[in-house]
Amino acid sequence: MGADLNVAAWEPGCHIFGDGCGFEAPGTELFNPTPWVDFGLAGAAGVTKYYVLAALSVVVVLAFWYFTTRRAKVVPGRAQGTAELLVGFLRDQVTRTTMGKEGDKFLPLMVTLFLFIFTMNVMGLIPIPGFQVPVTTSLAFPAVLALFVYILWNVIGIRRHGAVGHIKARLVPSGVPAWILPVVVPIEALSNFIIRPATHMIRLFAVMFAGHLLLALFAAAGFYMFNPMSPMGPVLGAVSVGYSAIALIGFLVFTVFELFIMAVQAYVFVLLSSIYIGEAIEGAH
Amino acid sequence: MKNGHPSAKKDSQEPSTANGTTLISYLLGGLAFWGGIGWVVDWALGFSGLFLPIGLGVGLVGSIYLIYIQHVRS
């Protein structure tokens with residue numbers, strides 16, 4: 001985790017069985033880096049590590065597709081096979097299950113979204129000193145992606161069914177008696193047009209945020225509890241090493257688990273996007 | 001799912017994640033909208049905690065009804 005953690009527990013001499021200096025858990029300061037370039041605009045974060053990591057993610061995604069498809073053959077090699085496996089998985093598990101054959105034209109979008117989100121998430125596990133954080137732990141990035149899907153959902157719905165048809169399909173559930181409509185139409189409006197896109201964005205952000213904080217906590221605790229030269233004697237020094245080892249094991253286990261979560265969250269984001277777009281194509285529900 | 005509709009070609013299994021998200025959206029939407037209406041009515045008429053619970057109840061019932069209509073009955 002290295003330079004990522006700017007907490008008191010990391011300061012020299014601040015260890016368990018030491019001179020009484022307590023442990024301070026890593027907090028939200030991890031996710032609020034000081035900008036290198038500040039535009040001076042209210043609400044703008046400026047150029048931070050998030051900015052750099054997002055640009056790096058774009059390069060990684062482009063490089064992945066360049067190197068896996070530049071010599072595409074009918075019988076795929078290992079690299080092309082990996083790319084085809086990803087595309088095939090998302091086609092069979094996401095677009096076909098939610099949109100049928102019609103989903104195939106949205107497959108490039110879904111594959112790109114998945115790989116981009118996954119790459120941004122994985123930036124939290126790549127130990128580049130001072131840069132190790134999932135890009136999606138900044139709410140702006142999931143927000144823009146969710147906003148893009150939301151706009152697309154509306155555009156497709158309006159193009160397929162007209163503005164009135166799209167809005168009616170989203171607000172008026174079929175098979176409901178007219179006298180109940182005044183109760184359920186506002187719920188449908190709030191649910192479909194505001195809460196659903198908000199949860200789409202917050203789900204990705206919150207899970208990555210919590211996961212990174214947990215990893216940071218294990219790393220900081222491992223460092224704090226490592227004090228073999230304890231002034232309280234060699235026994236407590238040995239105990240502190242044992243404590244630290246437990247924290248390190250926890251860190252490693254959760255790192256593997258976090259990698260899994262990063263893939264799952266990218267998949268869930270794409271699955272939900274696909275379901276929403278499929279719903280817009282379908283019209284009335 | 002009507003015949004001839006694009007969705008007719010879909011696989012039969014509905015992803016449960018979507019249902020979960022939709023259910024939460026309905027529940028939050030119902031409680032927020034009708035609870036909000038109840039709160040505003042309380043505030044406008046000078047009551048304290050009379051219409052807010054009524055609104056929350058209406059919202060909850062409406063949400064559960066929508067969930068039933070969209071995901072159980074269909």
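The following passage describes chain B, its interface with chain A, and a surface patch on chain A. The model is predicted, so local features need pLDDT of at least 70 and side-chain atom pairs count only at pLDDT 80 or more, while totals for chains, interfaces and linings use all residues. Residues are numbered from 1 along each chain, and side-chain values use heavy atoms, without hydrogens and water.

Chain B has two helices and zero strands; both kinds of element are DSSP runs (helices H or I, at least four residues; strands E, at least two). Of its 74 residues, 30% are buried, meaning under 20% relative accessible area with a 1.4 Å probe and protein chains only. Chain B exposes about 4,600 Å², computed by the Shrake-Rupley method. Carbon and sulfur atoms supply 67% of that area.

Chain A is touched by 29 residues of chain B, through 32 residues of its own. Contact here means heavy atoms within 4.5 Å. The two chains bury about 2,500 Å² between them, which is the accessible area lost on being put together, summed over both. Zero salt bridges link the chains (Lys or Arg side-chain nitrogen within 4 Å of an Asp or Glu carboxyl oxygen). On the chain B side, α1 (16–45) and α2 (51–73) each supply at least two residues. The most comes from α1(B), with 11 residues.

On chain A, a nonpolar patch of about 620 Å² includes A:W36, A:V37 and A:F39. Patch residues have over 30% relative accessible area and no salt bridge; nonpolar side chains are joined within 5 Å, like charges within 9 Å. A:V37 lies in the segment before α1 (49–69) of chain A. A:V37 is partly exposed, at 41%.

Note on methods:
Chains are lettered from A and ligands numbered from 1 in the order in which they are written. Accessible areas come from the Shrake-Rupley method with a 1.4 Å probe; for residues, only the protein chains shown count as cover. Buried means under 20% relative accessible area, exposed over 50%, partly exposed in between (1.4 Å probe, protein chains only). Buried area is the accessible area (1.4 Å probe) that two parts lose on being put together, summed over both.
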